[in-house]
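Me: I've just opened this one and would like to talk it through. Could you start with what the record says, and then we'll go on to the fold and the ligand?

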Amino acid sequence: MAETKSDIHLYTAQTPNGIKISMLLEELGLPYKVTAIELDKNTQKEPWFLEINPNGRIPALTDTFTDGSPIRLFESGSIMQYLVDRYDTEHKVSYPRGTREYWEVNSWLMWQMGGLGPMQGQANHFTRYAPEKIQYGINRYQNETRRLYRVMEAQLSKSTSGYLVGDRCTIADIACWGWVAASYWAGVSLDEFPKLKEWVDKIVSRPGCEKGRHVPKPHTALENRHKSEEELEEQAKKSRAWVQQGMAADAKK
Ligand SMILES: N[C@@H](CCC(=O)N[C@@H](CS)C(=O)NCC(=O)O)C(=O)O
């Protein structure tokens with residue numbers, strides 16, 4: 001029977017991992033409450049939030065489960081799987097469980113969660129947040145990000161729909177989008193990836209994705225394409241202090 005009731009509460013911030021969930025919720029047309037987590041105040045490390053995500057990171061989500069009791073979810077890929085499994089009964093952005101495409105989507109989702117996100121996240125760290133420029137770290141993670149973009153570029157070159165898997169936009173595309181859209185923050189240009197550039201625009205032309213990317217506040221990562229390195233450096237300086245504070249707190253525990 002189709003599941004219709006939802007009591008979804010999303011805890012998020014304006015980041016590549018956060019917007020995956022709001023983009024998906026908008027694509028599915030589901031109602032949801034939003035609590036904006038202030039990463040610069042390290043709210044994600046407060047005890048009340050750790051009850052929802054013991055890992056102290058956004059995004060996290062709560063819902064009333066099918067048995068009537070609350071359920072908490074963390075890790076963006078896991079949240080996406082939960083949402084499509086329970087609510088995407090018409091397979092708007094997923095494929096039926098057990099089909100060939102279902103497993104292909106799963107592979108790309110894991111690829112994003114285990115590869116693209118962590119590698120580009122480290123490229124961001126060494127390029128923008130580290131208190132000193134360590135060229136080895138910058139090269140290592142920017143090169144790995146480029147390698148992963150080449151993998152995606154090759155997949156999109158073979159696709160007849162312009163999406164990663166089969167004939168439709170899926171959670172695999174949505175999971176990757178925020179990261180690729182933020183490539184310039186990691187110091188990686190999309191100029192050598194024409195298919196990725198087209199795909200970035202294709203995803204954003206979808207009303208659900210367009211609306212969801214601006215939760216909980218406007219998405220500005222695409223504008224970084226037009227900024228100079230000096231402007232990006234000025235922007236990075238504002239975040240460096242809280243990133244370092246959060247790291248120091250994590251190191252003590
Ligand atoms: N693998 C996790 C990563 C979550 C993550 O690293 N979130 C970042 C924002 S994109 C965060 O909460 N950073 C705050 C911190 O590190 O304290 C997921 O996909 O949900």
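Reply: The UniProt record, an unreviewed entry, places the feature "domain: GST C-terminal" at residues 98-222. Please keep in mind that what we are looking at is a predicted model.

Me: What's the helix and strand content over residues 98-222?
Reply: That stretch is 66% helix and 0% strand, and the C-alpha atoms at its two ends lie 36 Å apart.

Me: And for the protein, how many helices and strands?
Reply: There are 9 helices and 4 strands, and along the sequence they follow the pattern β-α-β-α-β-β-α-α-α-α-α-α-α.

Me: OK, ligand now. Which residues are closest?
Reply: The ligand is surrounded by 14 residues, of which Thr15, Asn17, Arg57, Ile58 and Ser76 are the closest. By class, this shell comprises 7 polar, 5 nonpolar and 2 charged residues.

Me: Which helices supply at least two residues of that shell?
Reply: Both α1 (16-28) and α4 (100-129) do, each of them supplying at least two residues.

Me: Changing topic, how does the radius of gyration compare with that of a compact globule?
Reply: The protein has 18 Å, which agrees with the value near 18 Å that a compact globule of 253 residues would have. Taken along the principal axes, its C-alpha atoms fill a box of roughly 55 × 45 × 25 Å.

Me: What share is buried, and what about contacts far apart in sequence?
Reply: Buried residues account for 34% of the 253 residues. Among contacts between residues at least 6 apart in sequence, 69% join residues at least 24 apart.

Methods
Residues are numbered from 1 along each chain as its sequence is written. This is a predicted model: local features need pLDDT of at least 70, side-chain atom pairs count only at pLDDT 80 or more; totals for chains, interfaces and linings use all residues. A residue is near a molecule or strand if its C-beta atom, placed from the backbone, lies within 6 Å of it. Ala, Val, Leu, Ile, Met, Phe, Trp, Tyr, Cys and Pro count as nonpolar, Asp, Glu, Lys and Arg as charged, and the others, Gly among them, as polar. The radius of gyration is taken over C-alpha atoms; the globule rule is 2.2 Å times the number of residues to the power 0.38. A residue is buried if 20 or more other C-beta atoms lie within 10 Å of its own, exposed if 12 or fewer, and partly exposed in between; C-beta atoms are placed from the backbone. Two residues are in contact if their C-beta atoms, placed from the backbone, lie within 7 Å. UniProt positions are given in the numbering used here, feature names are shortened, and annotations may be inferred rather than shown by experiment.
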